[in-house]
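Trainee: Could we walk through this structure together, one question at a time? I would like to learn how to reason from what we see.

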Amino acid sequence: KLCRFRSGLFHKGYPWFFLLLIVTDCVAIAAETVHHELHVELQTLDARISVVDNIQLPANSNSADFSLRSELTVKAAGLDLVLLGESDAGRLRHYRIKRLPGDGKVQLNYAGKIISGSAHEPFNMPESVLNTDGVYLDGGSGWVPRFHDYPLVTFKLQVQAPGDWEIISQGRRDESGQGYFFDMPDPQEDIYLLGGPYRRYSQMHDGIEIVVYLLQADDQLAQRYLQTTAEYIRLYSDWIGAYPYAKFAIVENRWQTGYGMPSFTLLGSRVIRLPFILHTSLPHEILHNWLGNGVYIDFAKGNWSEGLTAYMSDHYSNEQQGKGDEYRRKALERYANFAAEGRDFSLAEFKSRHDEASQAIGYSKSLMLFHMLRNQVGDELFNDRIGMLWKRYRFQYADFIDVIKQLYPEKDYEVFVEQWLYRTGAPEISLKDAIVSEDADAYQLTLKINQQQSGPVYVFDLPLEVTVQGETQPLHERVTLLQKESTIKLKYKQRPQAVRLDPDYDVFRLLHAGERPASLGRLFGANRQVLVMPANATTEQKKAWRQLAQSWSGRYNNVEVLSDNEVETLPGDKAIWLLGWENKLLETNRERFTSLTQHVAEQSALMGTQQLDADQHAVVLLDPDNSRKPLGFIGADSPESIALMARKLPHYSSYGALAFRLPEAQNIIKQYLPVLTSPMVRQLD
């Protein structure tokens with residue numbers, strides 16, 4: 001079982017040269033590595049690869065068992081090979097070198113065709129590629145011998161490829177008439193080989209080569225990525241430690257997704273041109289060169305890298321803009337919408353994102369864990385210990401507990417690990433009572449705070465905010481909860497007027513329904529979401545609505561479809577979507593979409609002061625009353641606009657009101673709906 005790492009920007013469509021490998025375990029850490037010196041010839045017309053691999057195993061190795069792609073015919077110069085068997089439906093063959101030399105030096109010669117095989121749903125991608133359009137091979141594709149007892153490798157790589165191609169791998173690159181050369185002296189999990197007829201742009205930054213590979217020349221786009229990449233490499237180098245690779249490359253691909261590999265990222269042709277990617281996904285993937293592709297993940301106790309990377313890139317960016325509390329609220333909403341109610345699993349079980357629940361745990365819950373660690377130790381110590389983590393585990397494996405111990409070395413870290421890493425669920429906090437009493441010279445505020453979850457008590461610090469008479473700003477407190485019911489007593493010189501628990505969403509917890517505003521995510525994450533189609537729609541419209549339902553059913557696995565002539569009154573126990581401007585149930589439920597800021601009419605809607613007409617816009621409106629089961633309306637008419645809504649709306653799950661300009665479905669309005677009252681706030685009489 002191979003220990004591999006991938007970081008996803010988008011999970012709709014993967015690169016044409018990307019191999020998805022589901023990791024179930026990770027081999028043990030090895031102090032020694034295997035060194036490869038590979039001479040590779042690519043014959044693109046017949047998809048053939050020829051390799052001479054001079055291998056240095058640790059001297060006096062006891063094991064020389066390795067795996068290689070089954071289409072490749074292999075010989076060992078001067079040595080005997082024994083075929084041990086096959087695995088992965090015959091995709092890999094396993095060999096043993098008999099009578100391994102004492103110096104550990106082996107030469108393997110192998111060649112064969114790279115057969116891509118069928119594309120894998122839902123991403124429609126081949127497992128590996130070698131043709132006239134390009135090449136993509138990584139460790140999981142089995143193109144380099146994988147020695148079972150040595151998970152890490154160093155390498156030198158020489159590649160002969162078509163003259164108009166650019167070749168990409170890890171390590172410092174040189175180019176000559178003999179091909180491309182790469183030298184990677186630091187231990188790696190995989191050896192990557194990719195390339196194609198790219199237009200290459202590069203610049204040097206503090207001794208690091210920053211490179212952009214585009215399928216078509218675009219000087220302005222390349223310069224934006226070169227400049228922005230340099231800024232983020234400087235930021236994270238100052239924060240963590242020197243950037244660990246000789247280069248960082250942005251590589252365009254033909255599928256609309258992106259991934260972070262060691263020293264490069266793969267971005268889809270449309271994705272790479274989205275302006276926000278420069279300051280969202282790009283820094284996330286750059287940071288992975290330290291976390292995940294620099295310190296490797298021992299998956300036995302869970303994948304820590306995605307949560308820490310999201311916290312230090314996505315959360316950090318929002319925090320710098322004064323939006324850290326909003327970002328954390330949305331993370332907690334995602335958990336409540338998609339992972340609560342029996343869909344949870346422990347963070348120690350998270351390996352990679354494959355659906356909404358796994359994202360809510362592996363990203364949202366995990367980043368909240370690191371936020372709580374930071375609040376425990378303080379900003380300065382947290383940042384110092386991030387640097388210490390890097391120095392301690394650079395190009396080595398670290399498991400989740402290793403990371404927690406490094407960031408939180410206090411003796412009670414075991415309690416932190418037990419309740420946040422190994423336990424499922426989340427604390428459910430409620431303010432049972434808040435009483436103000438007065439004595440001779442002060443006011444006493446007595447709070448009774450309950451934990452309502454069915455499982456054991458959580459021990460943690462809870463921030464709270466108290467508004468007192470005569471002060472313009474609330475006072476901030478931090479109390480420790482040790483029991484299912486905690487009584488907290490606080491004294492003030494002025495009379496307390498209001499109290500609010502966890503005002504900035506600093507604690508990982510299950511949000512009350514009353515704390516969660518109406519949002520698309522509440523419908524997507526419901527136990528059942530019923531899609532009500534208009535019976536009088538055209539044949540083409542009905543087909544488009546059914547395709548939307550099929551797409552969402554595959555993503556959320558909770559979709560039920562009805563026609564508006566089958567429903568007289570809306571069921572009160574399910575999340576409901578009303579589909580289409582002609583939906584009969586829209587007339588009888590119009591008032592549920594009406595508020596001070598929105599209104600829906602027969603063929604138009606009003607958001608704020610903007611009139612949105614059905615022939616020019618697609619709209620999404622929700623019932624703003626979050627005390628009821630969610631109700632949503634999708635105003636789309638043409639089959640083309642319905643198809644665009646099917647694809648786009650899952651990416652807007654935090655929002656409560658949306659408008660798109662047709663025909664291209666450009667988003668022009670996206671609004672969060674407010675929480676009118678919260679059970680975490682109490683006014684004190």
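**Starting with one threonine**

Mentor: Happy to! Apart from its neighbours within four places in sequence, T154 is in contact with T33, V34, H35, H36, M184, P185, D186 and P187. Please keep in mind that this is a predicted model.

Trainee: Is T154 buried or exposed, and what is its relative accessible area?

Mentor: Let us place the residue to begin with: T154 is found in strand β11, residues 153–160. A residue counts as buried when its relative accessible area is under 20%. T154 meets that cut-off and is buried, with a relative accessible area of 11%.

Trainee: Now the helices. How are α1 and α3 oriented to each other?

Mentor: Two packed helices are described by the angle between their axes and the distance between the axes. Here the axes of α1 (residues 219–239) and α3 (residues 305–320) come within 13 Å and cross at roughly 115°. Angles of 65 to 115 degrees count as roughly perpendicular. That makes the orientation of α1 to α3 roughly perpendicular.

Trainee: What kinds of residues make up the contact of α1 with α3?

Mentor: From α1 come L235, Y236 and W239, and they meet M312, S313 and Y316 in α3. Sorted by kind, the residues of this contact are 5 nonpolar, 1 polar and no charged.

Trainee: Which strands does α1 lie across?

Mentor: Start with the sheet, an open one of 5 strands with mixed pairing, in the order β16-β17-β18-β20-β19. The twist in this sheet averages 15° from one strand to the next. Helix α1 runs at about 145° to β17, and the strands it lies across are β16, β17, β18 and β20.

Trainee: Which strands stand at the edges of that sheet?

Mentor: Follow the order β16-β17-β18-β20-β19 to its two ends. Each end strand has a single partner, so one side of each is left without a neighbour in the sheet. The edge strands are β16 (199–205) and β19 (258–261).

Trainee: Which residue in β18 stands opposite Y213?

Mentor: Strands of a sheet pair through backbone hydrogen bonds, either parallel or antiparallel. Strand β17 (residues 208–214) and strand β18 (residues 247–253) pair in the parallel sense over 5 bridges. Opposite Y213, in β18, stands V251.

Trainee: How many residues of β36 are buried?

Mentor: Look at both faces of the strand: L631, F633 and G635 point one way, G632 and I634 point the other way, and all are buried. β36 (residues 631–635) is therefore largely enclosed by the rest of the structure. The number of buried residues is 5 of the 5.

Trainee: Which residue is the bridge partner of V620 in β36?

Mentor: β36 pairs with β31 (residues 575–579) in the parallel sense over 4 bridges, and there L578 stands opposite F633. Strand β35 (residues 617–622) is joined to β36 by 4 bridges, and these two run antiparallel. In that pairing, the β36 partner of V620 is I634.

Trainee: What about the sheet with β23, β24 and β27: which residue in β24 stands opposite A434?

Mentor: That is an open sheet of 3 strands with antiparallel pairing, in the order β23-β24-β27. β23 (429–438) and β27 (485–492) stand at its edges. β23 is joined to β24 (residues 443–451) by 9 bridges. Opposite A434, the residue in β24 is L447.

Trainee: D502 and N557 both have a positive phi. Is each of them buried or exposed?

Mentor: Neither is a glycine: phi is about 45° for D502 and about 55° for N557. D502 lies in the loop between β28 (496–501) and α9 (520–524), whereas N557 lies in the loop between α10 (539–556) and β30 (559–563). With a relative accessible area of 1%, D502 is buried. At 65% relative accessibility, N557 counts as exposed.

Trainee: Last one: where is P663 found?

Mentor: This proline is joined to L662 by a cis peptide bond, with omega about 10°. P663 is found in the loop between β37 (657–661) and β38 (666–671).

Conventions
Residues numbered from 1 in each chain as written. Predicted model: local features only at pLDDT ≥ 70, side-chain atom pairs only at ≥ 80, totals over all residues. Heavy atoms only, no water. Axes fitted to C-alpha atoms, helices over the stretch in contact; angles between N-to-C directions. Parallel < 35°, antiparallel > 145°, perpendicular 65-115°, else oblique. Contact = heavy atoms within 4.5 Å. Nonpolar A, V, L, I, M, F, W, Y, C, P; charged D, E, K, R; others polar. Pairing = 2+ DSSP bridges. Buried < 20%, exposed > 50% of the residue type's maximum accessible area, 1.4 Å probe, protein only.
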